[in-house]
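Welcome to this short tour! Open your viewer, get your selection tool ready, and follow along stop by stop.

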Amino acid sequence: MATLNDARTALAAGDKPGALQLVDQLLTESPSAEGWTFAAEIVEASADKIKCLTQALALDPNYEPARTLLSSLGQLPPPRTSGATALPSAPPLPTLELPEAEQNEDTDKVRREGDAIIRVEGVYEMLWDCKFCGTKKLLGKTHKFCPVCGAQQDASWRYYPSDAERVAVKDHKFVGADKVCPNCSSLNTADTEFCTRCGAPQSAASSVKAQAARMSGGMSGTPGAAFLTEDLDARQMAEKYGKPAQPVSTRPKWVPYVIGAVVLGIIAFALFAIFAKREESGYVSGFDWERTIDVERYAAVSGSQICPAPADAYAVTRNYEQVGTRQVPDGESCTTRQVDRGDGSFSSERVCTTKYRSEPVYDYVCYFTVNRWGYSRTSRAEGTKAVAPAWPATNVSGCLTLGCEREGTRREVYNVTITGDGDKTYTCAVPFATWQDTQLESTFTFKVRIIGGGIDCGTLQPNG
């Protein structure tokens, strides 16, 4: 079952007749003051708006949106009451009628293309000029043959009219782009099975080429957005000569291959330089270790968040303030597009995209103080193999009041120093067991990066 939100969505998409039809259905099944007020926003005539609002207030004399809208129309709302009485019967909603020039099967069809909403506003005739007798501005659908010399229309000579020249196609039924008879080159409608001129079957006939769509010069609704007559001569010249001749290359054909080989060579060398390693030997020339303990302190810290505050917070204050922004619809940006349908007509389409504005979001923010454990300092101990590794003294008290300290994260690192070729030294972190079991002047093999000379500690292997 349709809802009032469905009707609002249809209206927002530009489908006013569809929205009115949904509201009519809803009011027939379940009349409401809100529904009649929304209907008053859709209909055009003031008299129709007043009828709708009268129905709304008959159902609920206290419904404020209906009272406000009726007052804006110069009508005195009925007195407020403690109850609501529905009218015995409600009149049908007014019918929205389109101008006669735009009544056809395509008008008011709404579709979506990406973020844009497209509404077909009307279908009109393309123009064409007779290239035999020179008669100009013949109608694309009405005049399949020149009324002066009888020459058949050439679809490639169709062009868009200006806004002042356009002629609406009444009772339009689009069946597809026209086809060109492969036997006699006559134009036939897309649903024609046999050529109307020579009788040849049209199963292999090709469709005529539709002209490119064009957009209005600015946002519609302003005089500057009006369309002018398309310049047929300019278009034909562009189609014939518009693409500049491509210069003949004098470069030998093998040059691109050489360039490609050089690029691949550079890439291969770069990869080699990054990952290539050489093997080397060395001996252990030193040891060192480091142990650290983070110390945390229990202290009063300030904080803030969208209310409510934490349960254990104190000294809490609240402030109503901006906490962010959100994007809200703010009208539409619209332009008009004309699309050649290939059958001697074109559709005039309204192309609209929603505009958005940033709107601040407000809420209550709580500012408070809480007692929390947090990092305070680091105790450190370090030495060589001459001193057994030990954890540093932290001197924490272990209490649970403000100012107390406790031990936090512990970390330990054990390094061996290796002297390699040319007396170059390297340092690697190793597990404690390896560090403890390794003796001075123990030998190892390992790999060193060719570029940069750094040791790959993961390749460290003891000899023997």
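Start by selecting Val-23, Trp-36, Phe-38 and Ile-42: within the largest nonpolar core, which has 22 residues, these four touch the most other members. Keep in mind as you look around that this is a predicted model. Now color helix 1 (4-12), helix 2 (16-29), helix 3 (33-42), helix 4 (46-59) and helix 5 (64-72), since each of them supplies at least two residues of this core. Which helix gives the most to this core? It is helix 3, with six residues.

Next, jump to Ala-381, Phe-444, Val-448 and Leu-460. They are among the 16 residues of another core, which lies apart from the one you just saw.

Now for some strands. Select strand 3 (residues 127-128) and strand 4; the two run antiparallel and are joined by two bridges. Pick Trp-128 and you will find its bridge partner, Leu-138, in strand 4. Bring in strand 5 as well, and you have an open sheet of three strands in the order 4-3-5, with antiparallel pairing. Why is one side of strand 4 and of strand 5 left without a neighbour in the sheet? Strand 4 (138-139) and strand 5 (158-159) stand at the edges, and each has a single partner strand.

Our next stop is Asp-233, in helix 6 (residues 232-241). Is Asp-233 buried or exposed? It counts as exposed, because its relative accessibility is 53% and the cut-off for exposed is over 50%. Add Trp-157 to your selection: this residue is 76 residues away from Asp-233 along the chain, and the C-alpha atoms of the two are separated by 9.3 Å.

Time to look for charged pairs. The whole structure holds 25 salt bridges, and here are some to visit:

- Asp-178 and Lys-144: their side chains meet at 3.1 Å, N to O. Asp-178 sits in the loop between strand 5 and strand 6 (179-180), and Lys-144 in the loop between strand 4 and strand 5, so the pair ties together parts that are 34 residues apart in sequence. Asp-178 is buried, at 3% relative accessible area, while Lys-144 is partly exposed, at 26%.
- Glu-359 and Arg-357: this salt bridge spans 3.2 Å, N to O, and Arg-357 is partly exposed, at 37%.
- Arg-410 and Glu-407: here the N to O distance is 2.8 Å. Arg-410 is partly exposed, at 40%, and Glu-407 is also partly exposed, at 32%.

To finish, select Arg-111, Glu-113, Arg-337 and Glu-349 together: salt bridges that share partners join them into one network.

Key:
Residues are numbered from 1 along each chain as its sequence is written. This is a predicted model: local features need pLDDT of at least 70, side-chain atom pairs count only at pLDDT 80 or more; totals for chains, interfaces and linings use all residues. Side-chain values use heavy atoms; hydrogens and water are left out. Two strands pair if DSSP finds at least two bridges between them. Helices (H or I, at least four residues) and strands (E, at least two) are DSSP runs, numbered from the N terminus. A nonpolar core is a set of buried Ala, Val, Leu, Ile, Met, Phe, Trp, Tyr and Cys residues joined through side-chain atoms within 4.5 Å. Buried means under 20% relative accessible area, exposed over 50%, partly exposed in between (1.4 Å probe, protein chains only). A salt bridge is a side-chain nitrogen of Lys or Arg within 4 Å of a carboxyl oxygen of Asp or Glu.
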